[in-house]
Amino acid sequence: MAFSLEERLQVGIHGLLPPCFASQDMQLLRVLKNYDMKRDDLDRYVFLMGLQDRNEKLFYRVLLSDIERFMPIIYTPTVGLACQQYSLIFRRPRGLFITIHDRGHIASILQNWPEKDIRAVCVTDGERILGLGDLGCNGMGIPVGKLALYTACGGMPPQQCLPVMLDVGTDNEALLKDPLYIGLRHKRVRGQAYDDLLDEFMKAVSDRYGMDCLIQFEDFANVNAFRLLSKYRNKYCTFNDDIQGTAAVAVAGLLAALRITKSKMSDHTIVFQGAGEAAMGIAELITMAMVKEGLSKEECMRKIWMVDSKGLIVKGRDHLTHEKERFSHEHPQMKKLEDVVRELKPTAIIAVAGAFSEQIIRDMASFNERPIIFALSNPTSKAECTAEQCYTFTEGRGIFASGSPFDPVTLPDGRTFYPGQGNNAYIFPGRPGKPWEGMVTTDVHCHHQDVMLGYERSSV
């Protein structure tokens, strides 16, 4: 309906449309009114994805009209629910689906993609989608959502972004039994066949789109994430979002917290709940930050403690991976996070798995004036504690960030806190400057460290 009368006459559609001429502003108003009529967040996700399929410019105009409102729908936490239901809500394919059975033919599959100028590829194999586990081919919602933010927040033209699903099967029995499941119906292929697929994929992407094309690894399982990053990081333009992206945004949050606590990074003792790829990535970057302040690497690592599903990671514990061994210390074995916090008295606790009990939060507040509490697991249902719990149990003294958004919290004394979102979206690589030319007129600006910590202001 945006066609003028002259344009309608030229292309022979006069009379086939209502007589009204609808500007993009009018179209935006129509979308927002329809959006408000949706019953729940999953319906809102399906509605926005349908809009992205039929009118991409209008889709991004909607996102940028209120990015804070729409980001939780196209990204965490709603994208997690969407991935769980992806086969059910599937309408039109988006992105490229490459399977383990396509070995030897990946280059020709890439030729089927209509765009020749691709600058960013986001790829997953669906084995560890957010905190939800193996979702197989349903995990395609993650690369699609991530790259939508490349455009909305980073200004990268959407035609230069390519979501990719590497489907090697799934170990999720519920999906294998689901008649609507859109992926391969067999157990995950591992070992040499898997590695050969990844090698061929990386080479085919770089051959097709050039060595400057960014390949972002997303939601791979721990067993593959570290070794693939180590294998490819010096050979291709690549990064692992769960290891390096989470580290960047979490350390940015810690650096912002230092301005509140009036301290240095090396002054802090940090306990991690969870010792997977995200925790290890954050710990490595914290170590680098402390080294820049003058400490030796060994001194830095002694200030970082890890707790996994079996308890505190200490020297001599059985079955420690190489990554965990590097952060193990001489200390008696402890099973519970509550005991670890009470014993070590950390200044900061960062979680990428598990939970923070009321006792842990109150203990943190008892021996820290401004305890740093980051609950980074996604989606919101997997967060280690809520913003309200953190602010309530610390009497408003906690410095809080979460992986998914939380609503503002008002304490009984009238203070209102606006929790920040420590989300990887803040550091996604994107072309700086103006958004996609011709898409919208709103300027896009970069966020800085303050964004993820939230802020406090008196209630009205």
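## A short polar link

Let's start with one pair: the backbone nitrogen of D219 sits 2.6 Å from a polar atom in the side chain of D242. That fits the idea of a polar contact (N or O atoms within 3.5 Å, where within protein one must be able to donate a hydrogen and the other to accept it, and residues adjacent in sequence count only if both atoms are side-chain atoms).

This is a predicted model, where local features need pLDDT of at least 70, side-chain atom pairs count only at pLDDT 80 or more, and totals for chains, interfaces and linings use all residues. Residues are numbered from 1 along each chain as its sequence is written, and side-chain values use heavy atoms, leaving out hydrogens and water.

## The annotated spot

An unreviewed UniProt entry carries the annotation "binding site" for E218, D219 and D242; such annotations may be inferred rather than shown by experiment. The three span 25 residues in sequence, but no two of their C-alpha atoms are more than 6.6 Å apart, so they gather at one spot.

## Around E218

You'll find E218 in the loop between β4 (214-217) and α12 (222-232); helices (H or I, at least four residues) and strands (E, at least two) are DSSP runs, numbered from the N terminus. E218 is buried, at 1% relative accessible area (buried means under 20%, with a 1.4 Å probe and protein chains only).

## Around D242

D242 belongs to helix α13 (residues 241-261) and is buried too, with 6% relative accessibility. Beyond four places in sequence, D242 is in contact (heavy atoms within 4.5 Å) with residues including R128, E218 and E277.

How values were computed. Buried < 20%, exposed > 50% of the residue type's maximum accessible area, 1.4 Å probe, protein only.
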